[in-house]
Amino acid sequence: MPADAPITQDVLTIPRKLPEGGKVNLVGLTREQLRQTLIAHGTPEKQAKMRVGQIWQWIYQWGVRDFHAMTNLAKSYRAELDAAFTIEIPEVVTRQVSADGTRKYLVRIAGGHEVEVVYIPEEDRGTLCISSQVGCTLTCSFCHTGTQKLVRNLTAAEIVGQIMLARDDLDEWPRPGVGTGEDGPRLLSNIVLMGMGEPLYNFENVRDAMKIAMDGEGISLSRRRITLSTSGVVPEIARTAEEIGCLLAVSFHATTDEVRDKLVPINKRWNIETLLEALRAYPRLTNSERITFEYVMLDGVNDSDADARRLVRLIEGIPAKVNLIPFNEWPGAPYRRSSNNRIRAFADIIYKAGYASPIRTPRGEDILAACGQLKSATERARKSRAEIAAEAGLPGATG
Ligand code: SAH
Ligand code: SF4
């Protein structure tokens, strides 16, 4: 975007309750919204709280999508529910499995838009990387999603629905009478909001979806197993702690405002100093809840020893870990990945200063599932190589 263009977030969000054949989707409603919805459709007020509990468990604990299977409800009530409501999650259009086991789902949401969801299995856990928007209003110059124009915010249903569809695919819903699902390590144990979009520009829907994911009578993921990654939407950072309570990751990526302005243009609105102030105020109860600084390693751009030393000075006093992300290339990208030796030298300086500095192993590269590579192929609002370079203030912008 031009240097002086305002970074706005005048994006569309479609109504929370998508009428599908006139029916209201119950997925994505908070407990209170679900209660109100049931009452509005004739459930007696006295019973509503209990019905919410029952229906909630069927949807989020057992993964049931059919009201007729909710056997602790009277048959006539099940029929009433079925007439008024649906239990709908986004549809998986394609599923790709990488040689390393990473799964990438292309998911269709209302309006025919598509987003990507990535499941990354590890030895003792599995992380689902979910999206919060179709595209992104921000235009980080190294990010594939940033080259795609924002189409709209995802609804809470579409956000929590990504977790549900992955559990479907992993066959990880407990079966009534068979298992509780708590009898082994979970396949889907962690959530990272690191897919497409800036989650803090879709705050309410992300919050409601994460509240549902954390609810102990359902998907039941601990807030410490959810990490929200932001490019630095400073005013929403304190709210994230208060209203969601999950862990925070920040796309830092540069150690001077000059470079960060180019890589992460939101820096022109909230610069490094302002961002660090907000991070210093983020409540952390234990060291395991330290803030993750994400740092993409771009050859010759932000990867010098001097950068590493500046980074250490900047984050001083913040319980932090620095996640070094080797740049994942995509067609037309105006950067190259730093060499392995450079990344190791950079990591070493940070490590010696007392911070964990893991180098993230790219996963699912063969299926373009790695960080920043997500972009729905159907999205035609693709920018040219020259436009991308121009926005990044790089040479070759006219070529
Ligand atoms: N919008 C949020 C979350 C999604 S991006 C944010 O920016 O934090 C998730 C992470 O992937 C961010 O740290 C982002 O900077 C990083 N990323 C984006 N494109 C990348 C690329 N091509 N290679 C490596 N990391 C990338
Ligand atoms: Fe948006 Fe994050 Fe990509 Fe920046 S890095 S364009 S904020 S998705």
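## Working through a predicted model

Cys246 is buried, with a relative accessible area of 3%. Keep in mind as you go that this is a predicted model. The exercises below start from this cysteine and then move to the ligand, the helices and the loops.

**Exercise 1. Decide whether Cys246 and Cys143 are buried or exposed, and find how many disulfides the structure holds.**

Step 1. The cut-off for a buried residue is a relative accessible area under 20%.

Step 2. Cys246 has 3%, so this cysteine is buried.

Step 3. Cys143 has 17%, which is still under the cut-off, so Cys143 is buried too.

Step 4. For the second part, look for cysteine sulfur atoms within 2.5 Å of each other. The count of disulfides in the structure is 0.

**Exercise 2. Find which residues come nearest to ligand 1, and describe the polar contacts of Gly197, His253 and Asn328.**

Step 1. Begin with the shell, which has 20 residues around ligand 1. The nearest of them are Gly197, Ser229, Ser251, His253 and Asn328.

Step 2. Add the secondary structure. Strands β10 (226-230) and β12 (291-297) each give at least two residues to this shell.

Step 3. Now take the contacts one by one. With His253, the side chain is involved: one of its polar atoms lies 2.6 Å from an oxygen atom of ligand 1. With Gly197, the partner is a backbone N or O atom, placed 2.8 Å from a nitrogen atom of the ligand. Asn328 also uses its backbone, with a polar atom there 2.9 Å from a nitrogen atom of ligand 1.

Step 4. Turn from contacts to coverage. On its own, ligand 1 has 530 Å² of accessible area, and the protein covers 96% of that.

Step 5. Finish with the space itself: the largest cavity is the one that ligand 1 takes up.

**Exercise 3. Place Trp56, Leu81, Ile237 and Ala241 in their helices, classify their burial, and give a C-alpha separation for each.**

Step 1. Trp56 sits in helix α2 (residues 45-61). With a relative accessible area of 2%, Trp56 is therefore buried. Its C-alpha is separated by 9.7 Å from that of Asp215, although their positions lie 159 residues apart along the chain.

Step 2. Leu81 belongs to helix α3 (residues 75-84). Its relative accessible area is 1%, so Leu81 is buried. Phe67, 14 residues apart from Leu81 in sequence, has its C-alpha 6.7 Å from that of Leu81.

Step 3. Ile237 is part of helix α6. A value of 0% makes Ile237 buried. From Ile237 to Leu248 there are 11 residues along the chain and 8.6 Å between the C-alpha atoms.

Step 4. Ala241 is found in helix α6 too, which runs over residues 237-244. At 15%, Ala241 falls under the 20% cut-off and so is buried. The C-alpha atoms of Ala241 and Pro283 are 6.9 Å apart, while the two residues are 42 apart in sequence.

**Exercise 4. Describe the backbone phi angles of Asp171 and Ser220, and say where each residue lies.**

Step 1. Asp171 is not a glycine, yet it has a positive phi of about 55°. To locate Asp171, look in the loop that joins α4 (156-169) to β9 (190-193).

Step 2. Ser220 is likewise a residue other than glycine, and its phi is positive, near 60°. The loop holding Ser220 lies between α5 (203-214) and β10.

Step 3. Check the accessibility of Ser220. Its value is 28%, which is not under 20% and not over 50%, so Ser220 counts as partly exposed.

Step 4. Link this back to Exercise 2: β10, which follows the loop with Ser220, is one of the strands that supply residues to the shell around ligand 1.

Key. Residues are numbered from 1 along each chain as its sequence is written. Chains are lettered from A and ligands numbered from 1 in the order in which they are written. This is a predicted model: local features need pLDDT of at least 70, side-chain atom pairs count only at pLDDT 80 or more; totals for chains, interfaces and linings use all residues. Side-chain values use heavy atoms; hydrogens and water are left out. Buried means under 20% relative accessible area, exposed over 50%, partly exposed in between (1.4 Å probe, protein chains only). A residue is near a molecule or strand if one of its heavy atoms lies within 4 Å of it. A polar contact is a pair of N or O atoms within 3.5 Å; within protein, one must be able to donate a hydrogen and the other to accept it, and residues adjacent in sequence count only if both atoms are side-chain atoms. Accessible areas come from the Shrake-Rupley method with a 1.4 Å probe; for residues, only the protein chains shown count as cover. On a 1 Å grid over the protein atoms alone, a cavity is a set of points where a 1.4 Å probe fits but cannot get out, and a pocket is an open set with protein on both sides within 12 Å along at least five of seven lines; lining residues have an atom within 4 Å of a point. A molecule sits in a cavity or pocket if more than half of its atoms lie within 2 Å of its grid points. Helices (H or I, at least four residues) and strands (E, at least two) are DSSP runs, numbered from the N terminus.
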